[in-house]
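Please read the following note beside the sequence and the model. The points take up a few residues, one helix and the nonpolar cores in turn.

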Amino acid sequence: MSDSHTDSHERAPGRDRRRFPDISSRAYEHPADRSALVALRKLSGFDTVFKALSGLLPERSLRLLFLSESVRVSEQQFAHLHAMLLDACSILDMPRVPAMYVTQDPQPGAMCIGLDEPIIVVTTGLVELLDEEEMRAVVGHEVGHALSGHAVYRTILLFLTNMAVKVAWIPLGNIAVMGIVTALREWFRKSELSADRAGLLVGQDLRASLRGLMKIAGGNHLHEMNVDAFLAQAEEYERGGDLRDSVLKIMNVLPRSHPFTTVRAAELKKWAESRDHQRIMDGHYPRRAEDKDASVSDSFRQSANHYADAVRSSKDPLMGLVRDLAGGASDLGGKLRETFGGRGGAATPPKAPGDGGRDTPGS
């Protein structure tokens, strides 16, 4: 590993990109990622399960499995991915280069798992789907997970969803385990937004990052798709329908480990155009050397500000209801009755596109 680390800092990226020496994962972590992780750690029973599984998870077996059933990326195998991995670790100043494997699976996918040392796994379906710059963003995304320490919780989520739910001897019982799985999924969906930002810092090509997300949603038909139209879908998804649609959105996302791709694309574009992103690109960002002095209260405050801004700017009908409630709406019950089939079952018609809020995003 140490030799790879040395190589990663000697090898120049494929094209001129900024490097971020000693960058802390705090620089790119989404505020919702941090707050969801704090909530997860406070969940009743999580510490018990975490400590128990940390000693039981077969990490050695996991590594042997990938060694025996997948192809390890190196200078001799998938050399172009190896170069991207070194590039990503160089740009994010990753202390150690994680092992990376390609596994045979037609479904596009990638993950970063491991307890002691992170392992990056990408599927053949993803390698065949994406072009070089799109793949570079994905590799940066997974290195971002590794730098943030997400691999541990991802491994526990993987283990619980695949096996532990079926094991009757777990002390907390299946209902408690499913509560932890639900909380882990909520955190992991938010952590994906953080890793998308890390992927952009590595690739430094917003259009490539957005194309990659679009291809994951629609396949290898780039000539049939349009990034701006894809982003417009996210706007339509957020503002469309009424309160019933808002509830359906929540129900649809709960069983998922990843946010919807259009939502990820819109979130990434918004961050790419923000002052926070520009400051990082200008070299002004938190350093790992300062992590021990980082204020927990500042993180909470940032998370609270993020959610407050999200409620204020959201076009989602449920968030509109929250704003009305916060503002002391006088006929809240009437709105709910109308929406969910009050008088004659008539629902409140959805707002016309363009009613208030932000403009439709474009690139």
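1. Apart from neighbours within four places in sequence, Ile23 is in contact (heavy atoms within 4.5 Å) with Leu92, Leu147, Leu201, Ile280, Tyr285, Pro286 and Arg288. Two of these names deserve attention together, since Ile23 and Leu201 are both listed, with Leu81, Val122, Met135 and Val143, as the residues that touch the most other members of the largest nonpolar core, a set of 41 residues.

2. On provenance, this is a predicted model, in which local features need pLDDT of at least 70 and side-chain atom pairs count only at pLDDT 80 or more, while totals for chains, interfaces and linings use all residues. Residues are numbered from 1 along each chain as its sequence is written, and side-chain values use heavy atoms, with hydrogens and water left out.

3. A nonpolar core here is a set of buried Ala, Val, Leu, Ile, Met, Phe, Trp, Tyr and Cys residues joined through side-chain atoms within 4.5 Å, where buried means under 20% relative accessible area, exposed over 50% and partly exposed in between (1.4 Å probe, protein chains only). Of the 41 residues in the largest core, Val122 and Met135 are among those that touch the most other members. The elements giving two or more residues to this core include α5, β2 (99-103), β4 (119-123), α7 (132-148) and α9 (173-203); helices (H or I, at least four residues) and strands (E, at least two) are DSSP runs numbered from the N terminus. Helix α5 supplies the largest share, seven residues. A second, separate core has 15 residues, including Ala36, Val152, Leu160 and Val181.

4. Helix α5 covers residues 79-91, and its 13 residues reach 18 Å from first C-alpha to last, close to the 18 Å expected at 1.5 Å a residue (the expected span being 1.5 Å times one less than the number of residues). Eleven of the 13 residues are buried, among them Leu81 and Met84, but also His82, Asp87 and Ser90. Just after α5, Asp93 takes a positive phi of about 55°.

5. Is Thr262, in helix α13, buried or exposed? Thr262 counts as buried because its relative accessibility is 12%. Leaving aside neighbours within four places in sequence, Thr262 is in contact with Phe230, Gln233 and Ala234.

6. Ala110 lies in strand β3 (residues 110-113) and is partly exposed, with a relative accessible area of 24%. Although 16 residues separate Ala110 from Leu126 in sequence, their C-alpha atoms are 7.6 Å apart in space. Beyond neighbours within four places in sequence, the contacts of Ala110 are Val121, Val122, Leu126, Val138 and Glu142.
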